[in-house]
Each structure stands twice: as structure tokens, then as C-alpha cells.
Amino acid sequence: MTRAAVVAEVKETSVLPMLAVDMENKENGSLDVKNSVENGRPPDPADWAVIDVVNYFRTAGFEEQANAFQEQEIDGKSLLLMTRNDVLTGLSLKLGPALKIYEYHVKPLQTQHLKNNSL
């Protein structure tokens with residue numbers, strides 16, 4: 001099986017959508033698994049820089065609101081610490097987009113981060 005076929009097969013069966021896996025054959029025939037970046041961001045939001053957070057929200061369709069994260073210098077660690085109130089009032093966003101950002105993005109990222117780090 002070629003390296004490309006192995007990578008394609010692993011990506012198809014991956015249960016973590018934010019985590020891409022790159023496998024390389026070592027000289028002894030075993031496989032070396034490396035975490036790679038997804039859309040230019042590290043897979044764990046705690047490792048995201050401010051620009052990674054901004055790009056995440058731009059990619060999610062929140063172009064205007066992404067600028068608020070940049071202005072407030074919200075990096076991945078800060079994002080994971082944000083409360084609902086922080087998002088609704090601290091970023092000076094319109095209520096509708098702020099609710100969507102928290103419920104559909106911040107909260108799930110926090111939940112996934114906690115799951116991954118409690119194993």
C-alpha cells in the first residue's frame with residue numbers, strides 16, 4: 001500500500017474531524033504517526049495563536065465577528081476559558097451572532113478539549 005493510500009485510508013476512518021494524521025513508514029516497517037495541522041491550525045485549540053482563532057471564526061462564516069477576537073487578543077487558551085457572558089458582552093458583538101458563536105463553536109471546542117485531556 002502506498003503512503004498516499006495509507007494517509008487517505010486513515011483520514012477516511014478518523015473519528016476526530018479536527019485531527020489529521022500523517023503516517024510514515026519507518027525503516028523497521030512500523031508506522032510513525034504524527035499530528036499535523038488542520039487548516040493551518042494545531043489540532044488542540046489550547047495551542048492556537050490569536051490568528052488561528054481569528055481564522056477559525058472567519059472559516060466558520062463569522063468574518064466581522066472574527067475581528068473582535070483579534071482586537072481582544074483572544075488566543076486558544078483564552079477561548080477555552082470564555083464563558084457565555086464573555087462572548088455575549090465582552091466582545092461587543094451583536095446578540096444573534098454572539099449566541100451562535102458561543103453555542104455552536106466555543107462551547108463544543110471547550111467540551112472536545114476537556115474530553116481529549118481527561119483520557
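In this dialogue a trainee and a mentor read through a predicted model of one protein chain.

Trainee: Where should I begin with a predicted model?

Mentor: Begin with confidence, which the predictor gives for each residue as pLDDT. Here the chain averages a pLDDT of 79, and 68% of the residues score at least 70.

Trainee: Where in the chain is confidence lowest, and where is it highest?

Mentor: Strand β2, residues 31-35, has the lowest confidence, with a mean of 39. Helix α4 has the highest, at 98. Keep an eye on residues 3-35 too, where pLDDT stays under 50. For that stretch the model has 43 contacts beyond four places in sequence.

Trainee: How many helices and strands does the chain have?

Mentor: There are six helices and two strands. Following the sequence, you meet them in the pattern α-β-β-α-α-α-α-α.

Trainee: What can I say about the chain as a whole, such as how many of its residues count as buried?

Mentor: The chain has 119 residues, and 30% of them count as buried. Its accessible surface is about 7,700 Å², with carbon and sulfur atoms making up 52% of that. You can also look at how contacts are spread along the sequence. Among contacts with a separation of 6 or more, 35% are between residues 24 or more positions apart.

Trainee: Let's take a single helix. Which residues of α2 are buried?

Mentor: Helix α2 covers residues 50-59, and its buried residues are Asp52, Val53, Val54, Tyr56 and Phe57. The next thing to ask is what covers them. The cover includes α3 (63-71), α4 (76-81) and α6 (95-117). Just past the end of α2, look for Gly61, which takes a positive phi of about 100°.

Trainee: α6 came up as part of that cover. How many residues does α6 have, and how far does it reach?

Mentor: It has 23 residues and reaches 31 Å from its first C-alpha to its last. That is close to the 33 Å expected at 1.5 Å a residue.

Trainee: Where does α6 bend?

Mentor: The bend is at Tyr102, and it is about 35°. Tyr102 is also one of the buried residues of α6, alongside Ala98, Ile101, His105, Val106, Leu109, Gln110 and His113.

Trainee: Which helices do the buried residues of α6 pack against?

Mentor: They pack against α2, α3, α4 and α5, the last of these being residues 84-90.

Trainee: You mentioned a positive phi at a glycine. Which residue in the loop between α3 and α4 should I look at?

Mentor: Look at Glu73, in that loop. Glu73 has a positive phi of about 55° although it is not a glycine. Its relative accessible area is 59%, so Glu73 is exposed, the cut-off being over 50%.

Trainee: And what is the phi of Ser92?

Mentor: Phi of Ser92 is near 55°, again a positive value in a residue other than glycine. Ser92 sits in the loop between α5 and α6, and at 69% relative accessibility it counts as exposed.

Trainee: Now for charged side chains. What is the general idea there?

Mentor: Side chains of opposite charge can pair when their charged atoms come close. In this structure there are three salt bridges. One joins Glu63 and Arg58, at 3.3 Å from N to O. Glu63 is partly exposed at 46% relative accessibility, and Arg58 is partly exposed at 27%.

Trainee: Which salt bridges involve Glu103?

Mentor: Glu103 meets Arg84 in a salt bridge of 4.0 Å, N to O. This pair links distant parts of the chain, with Glu103 in helix α6 and Arg84 in helix α5, 19 residues apart. Glu103 also forms a salt bridge with Lys107, where the closest N and O atoms are 3.5 Å apart. Those two both lie in helix α6, four residues apart, or about one turn of the helix.

Trainee: How do Arg84, Glu103 and Lys107 fit together?

Mentor: They are linked in a network of salt bridges. As for accessibility, Glu103 is partly exposed at 33%, Arg84 is partly exposed at 41%, and Lys107 is partly exposed at 37%.

Key: Residues are numbered from 1 along each chain as its sequence is written. This is a predicted model: local features need pLDDT of at least 70, side-chain atom pairs count only at pLDDT 80 or more; totals for chains, interfaces and linings use all residues. Side-chain values use heavy atoms; hydrogens and water are left out. Buried means under 20% relative accessible area, exposed over 50%, partly exposed in between (1.4 Å probe, protein chains only). Contact means heavy atoms within 4.5 Å. Accessible areas come from the Shrake-Rupley method with a 1.4 Å probe; for residues, only the protein chains shown count as cover. The expected span of a helix is 1.5 Å times one less than its number of residues. The bend at a residue is the angle between axes fitted to the seven residues ending there and the seven starting there. A salt bridge is a side-chain nitrogen of Lys or Arg within 4 Å of a carboxyl oxygen of Asp or Glu. pLDDT is the predictor's confidence in each residue, from 0 to 100.
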